[in-house]
Amino acid sequence: MGIFKIEGGISLKGEITPQGAKNEALQILCAVLLTPEKVIINNIPDIIDINKLITLLGNLGVKIQKNGHGSYTFQADEVNIDYLETEAFKKEGGSLRGSIMIVGPLLARFGKGYIPKPGGDKIGRRRLDTHFEGFINLGAKFRYNREDHFYGVEATEGLIGADMLLDEASVTGTANIVMAAVLAKGITTVYNAACEPYLQQLCKMLNSMGAKISGVGSNLLTIEGVTTLGGCEHRILPDMIEIGSWIGLAAMTKSEITIKNVSWDNLGLIPNTFRKLGITLERRGDDIYIPAHVDGYEVKTDIDGSILTISDAPWPGFTPDLLSIVLVVATQAKGDVLIHQKMFESRLFFVDKLIDMGAKIMLCDPHRAVVMGHDFKSQLKATTMSSPDIRAGISLLIAALSAKGTSTIQNIEQIDRGYEAIDERLRAIGAKIVRE
């Protein structure tokens, strides 16, 4: 495992361009299994989780051609469905959370789909019930090998459209069900569907391939099944989580940074949430400009003067992936903030590392933490720490870049899972960070 050595307390300056969205790419890449024709995908991030999925597709028999940085052509005209029952697949599929989304396309096109219990961040319980209940509603038979933690669904006679109400607005669950339903016979309605921009992107891509999906962008999707899908070309959105990370970095390090080509219309509440923390950011075309916050930033209280609460919610609510960033940024704000992480019960369990650095944080329970900001009157101090998951990892990196002294971050593979060449990109705007 590599480590980062970071010399903190340095203001940065320059432009940074966000990578393609990791969470969209995981969905879009699985969708190539729905057609035997060529699919060209652009702006794919070069990160561990995405590269693992591309390797998995290759092992399934998908032909893969790299056209240039971030651009690939996929053709799934000779899929080896038997690979799903090999020991190699059980090991490979279990190392990646996003692998769950190959099940819907394989079930729709080949009548069966299997997956070992997926890996991913250890941020709490991440149930798969929504995925498989959706497949069962479409007529699939479900089986589960408890000893091997191996899931399977089969529909030898094909899938049949159905009406369903999801028990949670799961993004990956909705994506999986939609990819299965596009080739089902008849009409499927999915109520309480996730409607994140990345899910909208998937639906737009599928429609360009010949699917008939309406209600895109709402929580009620109607899918009229078709017999086949064709090829297409698709471009992945910039990663909104990375964009939020750079906003937080700029504020914490008092840096003047321009984030390029952010797709403002797909950022939802992200800009205004950071503004509530007192952070100034300007829209310049499709860029975000953040001036150097030399005088710090002051938290805005609610109208009645009560403490600001920032919590996550299904889209268009604030994304849970940015709560870790908001928490670390709040450590140097003027004022107090209550962070309420509703979805995952282990995502706040990195705050002890920030407390070791001198942050004033009270962990109320697994879901809530009160942050009492220093207003830059007391600088965080450098330390040695380990990255427990992707978002905690980037939060600790931001803390280290703002801290006094040289910090060491271990287990940086967690950060590399979600952020492309982050050390190189940070050095380009003046950060002193070394990978060892």
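This is a short tutorial dialogue on reading a predicted model.

User: Let's start with helix packing. At what angle do helix 1 and helix 6 pack, and how far apart are their axes?

Analyst: For a pair of helices, look at the angle between the axes and at the distance between them. This is a predicted model, and in it helix 1 (residues 22-31) packs with helix 6 (residues 171-181) at about 15°, the axes being 11 Å apart. That makes helix 1 roughly parallel to helix 6, since angles under 35 degrees count that way. Their crossing is right-handed.

User: Which residues of helix 1 and helix 6 meet?

Analyst: On the helix 1 side you'll find Gln27, Cys30 and Ala31, and they meet Val171, Ala175 and Met179 in helix 6. Sorted by class, that contact has five nonpolar residues, one polar and no charged ones.

User: And how do helix 1 and helix 7 pack?

Analyst: Read this pair in the same order: angle, distance, handedness, residues. Helix 7 covers residues 197-208, and it packs with helix 1 at an angle of about 25°, with 9 Å between the axes. The two helices are therefore roughly parallel to each other. The crossing of helix 1 and helix 7 is right-handed. From helix 1 come Asn23, Glu24, Gln27, Ile28 and Ala31, which meet Tyr198, Leu199, Gln201, Leu202, Met205 and Leu206 in helix 7. By class, this contact has seven nonpolar, three polar and one charged residues.

User: While we're on helix 1, is Lys22 buried or exposed?

Analyst: To answer that, check the relative accessible area: buried means under 20%. Lys22, found in helix 1, has 8%, so it is buried. Then ask what sits around it. Leaving out residues up to four places away in sequence, Lys22 touches Pro45, Ile47, Asp49, Ile50, Asp239, Ile390, Arg391, Arg417 and Gly418.

User: Can we do a whole helix that way? How many residues of helix 4 are buried?

Analyst: Sure, just go residue by residue along the helix. Helix 4 (residues 103-110) is mostly covered, with six of its eight residues buried. Those six are Val103, Gly104, Pro105, Leu106, Leu107 and Ala108. Among the elements covering them are helix 1, helix 5 (129-137) and helix 6, along with strand 6 (112-116) and strand 8 (150-154). Right after helix 4 comes Gly111, with a positive phi near 85°.

User: Which residues have a positive phi although they are not glycines?

Analyst: Try Ser263 and Asp375. Ser263 has a positive phi of about 55° although it is not a glycine. You'll find Ser263 in the loop between strand 14 and helix 9 (270-276), and it counts as buried at 15% relative accessibility. Asp375 also has a positive phi of about 55° without being a glycine. Asp375 sits in the loop between strand 20 (368-372) and strand 21 (384-386), and with 18% relative accessibility it counts as buried.

User: Where is there a cis peptide bond?

Analyst: For this one, check omega. The bond joining Trp315 and Pro316 is cis, with omega about 15°. Pro316 is in the loop between strand 17 (308-311) and helix 10 (323-330).

User: How many disulfides are there?

Analyst: Compare distances between cysteine sulfurs, with a pair counting when within 2.5 Å. Here the count comes to zero. Cys195 is in no disulfide, and its nearest cysteine sulfur, that of Cys203, is 10 Å away. For Cys232, the closest cysteine sulfur is also in Cys203, but at 13 Å it is too far for a bond. Cys195 is buried, with a relative accessible area of 8%, and Cys232 counts as buried too, at 12%.

User: Last one. What does Thr258 touch?

Analyst: Begin with where the residue sits, then list its contacts. Thr258 is in strand 14 (residues 256-259) and is buried, at 16% relative accessible area. Not counting residues up to four places away in sequence, Thr258 touches Gly14, Glu15, Ile16, Asp287, Ile288 and Tyr289. As for distance, Thr258 and Cys30 are 228 residues apart in sequence and 33 Å apart in space, C-alpha to C-alpha.

How values were computed: Residues numbered from 1 in each chain as written. Predicted model: local features only at pLDDT ≥ 70, side-chain atom pairs only at ≥ 80, totals over all residues. Heavy atoms only, no water. Axes fitted to C-alpha atoms, helices over the stretch in contact; angles between N-to-C directions. Helix = DSSP H or I, 4+ residues; strand = E, 2+ residues; numbered from the N terminus. Parallel < 35°, antiparallel > 145°, perpendicular 65-115°, else oblique. Left-handed = near helix turned anticlockwise from the far one by under 90°. Contact = heavy atoms within 4.5 Å. Nonpolar A, V, L, I, M, F, W, Y, C, P; charged D, E, K, R; others polar. Buried < 20%, exposed > 50% of the residue type's maximum accessible area, 1.4 Å probe, protein only.
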